[in-house]
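Visitor: I am new to this structure and would like a close look at a single part of it, with its surroundings explained step by step.

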Amino acid sequence: MQQPSLPSVLPSSPAVQDATATPEQLESTLARVTTPAETPIFICAFERCNRLFPSRDRLMFHRKRDHDSEDQGDVITWNEDAPA
Ligand SMILES: [Zn+2]
């Protein structure tokens, strides 16, 4: 079976707010709104990595194993306040 493929560079487009979907549509389809508490997201923002993990602990385990680093920075998440 042919694997799906994507070009290495995707065309960018401006992000716009969804002003057409109704709450009823959101509830009747697979798409739905989530929250940081319900869907924790921690992304390893090291160059060319961008892997996603469900907790900071898991991300740091990956970072130590795959990057040989214990750097706490370069993490994209909506679960923690930005450092002061
Ligand atoms: Zn990584």
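Visitor: Where is the place of Glu 38?

Guide: Glu 38 sits in the loop between H1 and S1, where helices (H or I, at least four residues) and strands (E, at least two) are DSSP runs, numbered from the N terminus. Before going further, please keep in mind that this is a predicted model, in which local features need pLDDT of at least 70, side-chain atom pairs count only at pLDDT 80 or more, and totals for chains, interfaces and linings use all residues. Residues are numbered from 1 along each chain as its sequence is written.

Glu 38 is exposed, because 8 other C-beta atoms lie within 10 Å; a residue is called buried if 20 or more other C-beta atoms lie within 10 Å of its own, exposed if 12 or fewer, and partly exposed in between, with C-beta atoms placed from the backbone. Although Glu 38 and Val 75 are 37 residues apart in sequence, their C-alpha atoms are 19 Å apart in space.

On one side of this loop is H1, which has the lowest mean pLDDT among the elements of the protein chain, 76, whereas helix H2 (residues 56–67) has the highest, 97; pLDDT is the predictor's confidence in each residue, from 0 to 100. The average over the protein chain is 86, and 94% of the residues score at least 70. In the segment before helix H1 (23–28) we find Val 16, which is exposed because it has 6 other C-beta atoms within 10 Å.

On the other side of the loop is strand S1 (residues 42–44), which is joined to S2 by 2 bridges and runs antiparallel to it; strands count as paired if DSSP finds at least two bridges between them. Within this pair, Phe 42 stands opposite Phe 53 in S2. The 3 strands together make an open sheet in the order S2-S1-S3, with antiparallel pairing. Strand S2 (52–53) and strand S3 (75–77) stand at the edges with a single partner strand each, so one side of each has no neighbour in the sheet.

H2 lies across S1, S2 and S3 and runs at about 15 degrees to S1, given that two residues are in contact if their C-beta atoms, placed from the backbone, lie within 7 Å, and that axes are lines fitted to C-alpha atoms, for helices over the stretch in contact, with angles from 0 to 180 degrees between N-to-C directions. In the loop between S1 and S2 is Arg 51, which is partly exposed because 14 other C-beta atoms lie within 10 Å. Leaving aside residues up to four places away in sequence, Arg 51 touches Cys 44 and His 62.

Stepping back from Glu 38 and its loop, one can follow the elements of the protein chain from the N terminus as α-β-β-α-β. The radius of gyration of the protein chain is 17 Å, well over the 12 Å that the globule rule gives for 84 residues, so the chain is more spread out than a compact globule; this radius is taken over C-alpha atoms, and the rule is 2.2 Å times the number of residues to the power 0.38. Of the 84 residues, 5% count as buried.
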